[in-house]
Amino acid sequence: MATTRQKKEPMLKIDYRLKGSGWAECTIHADGRKCEVSASYLSDALGKLVLAGVAVLAGAQSVSVGFDEEPGEYRWAIVMTDDGVVRVDMLEFRELWGNRPDVEGTLLMTFSCPPLEFGEAVYAAAEEVHKLHGLAGYKKRWATHDFPVAELDLLKSYILRWERNG
């Protein structure tokens with residue numbers, strides 16, 4: 001009798017939406033909870049998030065991603081734990097470019113998930129933005145940064161590698 005491996009429903013979903021010109025909203029759904037953060041055109045927020053997904057699947061022990069705001073910052077502090085899961089602390093800082101240590105941020109949410117689930121959630125969020133806006137539409141709305149095509153392709157290659165080896 002052949003058995004099929006069913007994929008478990010992910011506990012993590014990331015909704016990344018462009019709002020107006022140079023603004024994005026990001027809602028993180030994890031373990032039945034949600035956290036809403038935003039980003040301005042001052043940084044390549046989506047590109048940095050995609051690279052964080054790459055870093056996690058490439059084996060980085062920790063990575064930090066800032067969503068620049070006016071005047072503050074939202075930070076994804078991502079750490080690989082000893083038991084092989086990714087822990088993400090969503091932090092808020094009052095000032096932008098203050099380079100404050102994570103412990104000085106206000107904790108908005110903490111969640112943990114397998115590395116592949118994190119990478120897939122980031123990929124799905126970025127791919128949805130690409131489908132909705134295309135390259136030209138993204139550039140028009142985000143102005144200072146192009147859509148992270150190469151980074152998303154790299155993330156997809158890591159996801160496929162994890163799925164083959166997993």
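This report walks through a sheet, the helix packed on it and the nonpolar core of a predicted model.

## The sheet as a whole

Let's start with the overall layout. Four strands make up an open sheet in the order 4-5-6-7, and their pairing is antiparallel. Strand 4 and strand 7 (106–113) are the edge strands, each pairing on one side only. Direction ignored, neighbouring strands of this sheet are turned by 15 degrees against each other on average.

If you would like a reminder of what holds such an arrangement together: strands of a sheet pair through backbone hydrogen bonds, in either a parallel or an antiparallel way.

## Strand 5 and its two partners

Strand 5 covers residues 73–80, and it is largely enclosed by the rest of the structure because seven of its eight residues are buried. It is a good place to pause with the structure open, as strands 4 and 6 both pair with it.

On one side, strand 5 pairs with strand 4 (residues 62–68) in the antiparallel sense, over seven bridges. You can find Val63 opposite Ile78 of strand 5, and Val65 opposite Trp76 of strand 5. The link from strand 4 to strand 5 is a hairpin of four residues.

The pairing of strand 5 with strand 6 (residues 86–93) is also antiparallel and runs over eight bridges. Here Met80 faces Val86 of strand 6. These two strands form a hairpin as well, with five residues between them. Within that turn, look for Gly84, whose phi is positive at about 80 degrees.

## A helix on the sheet

Next comes the helix that covers part of this sheet. Helix 1 (residues 45–58) packs on the sheet and touches strand 4, strand 5 and strand 6. The direction of helix 1 makes about 170 degrees with that of strand 4.

## The nonpolar core

Which residues touch the most other members of the largest nonpolar core? They are Tyr16, Phe67 and Trp76, out of the 46 residues in that core. Helix 2 (residues 115–142) supplies the largest share of the core, with 10 residues.

Tyr16 deserves a closer look. Leaving aside neighbours within four places in sequence, its contacts include Phe67, along with Ala24, Glu25 and Cys26. Tyr16 is also in contact with Ala45 and Leu46, and with Ala125, Val129 and Trp142. Trp76, another of those three core residues, is the one that stands opposite Val65 in the pairing of strands 4 and 5.

Definitions and conventions
Residues numbered from 1 in each chain as written. Predicted model: local features only at pLDDT ≥ 70, side-chain atom pairs only at ≥ 80, totals over all residues. Heavy atoms only, no water. Buried < 20%, exposed > 50% of the residue type's maximum accessible area, 1.4 Å probe, protein only. Pairing = 2+ DSSP bridges. Axes fitted to C-alpha atoms, helices over the stretch in contact; angles between N-to-C directions. Contact = heavy atoms within 4.5 Å. Core = buried A, V, L, I, M, F, W, Y, C linked by side-chain atoms within 4.5 Å.
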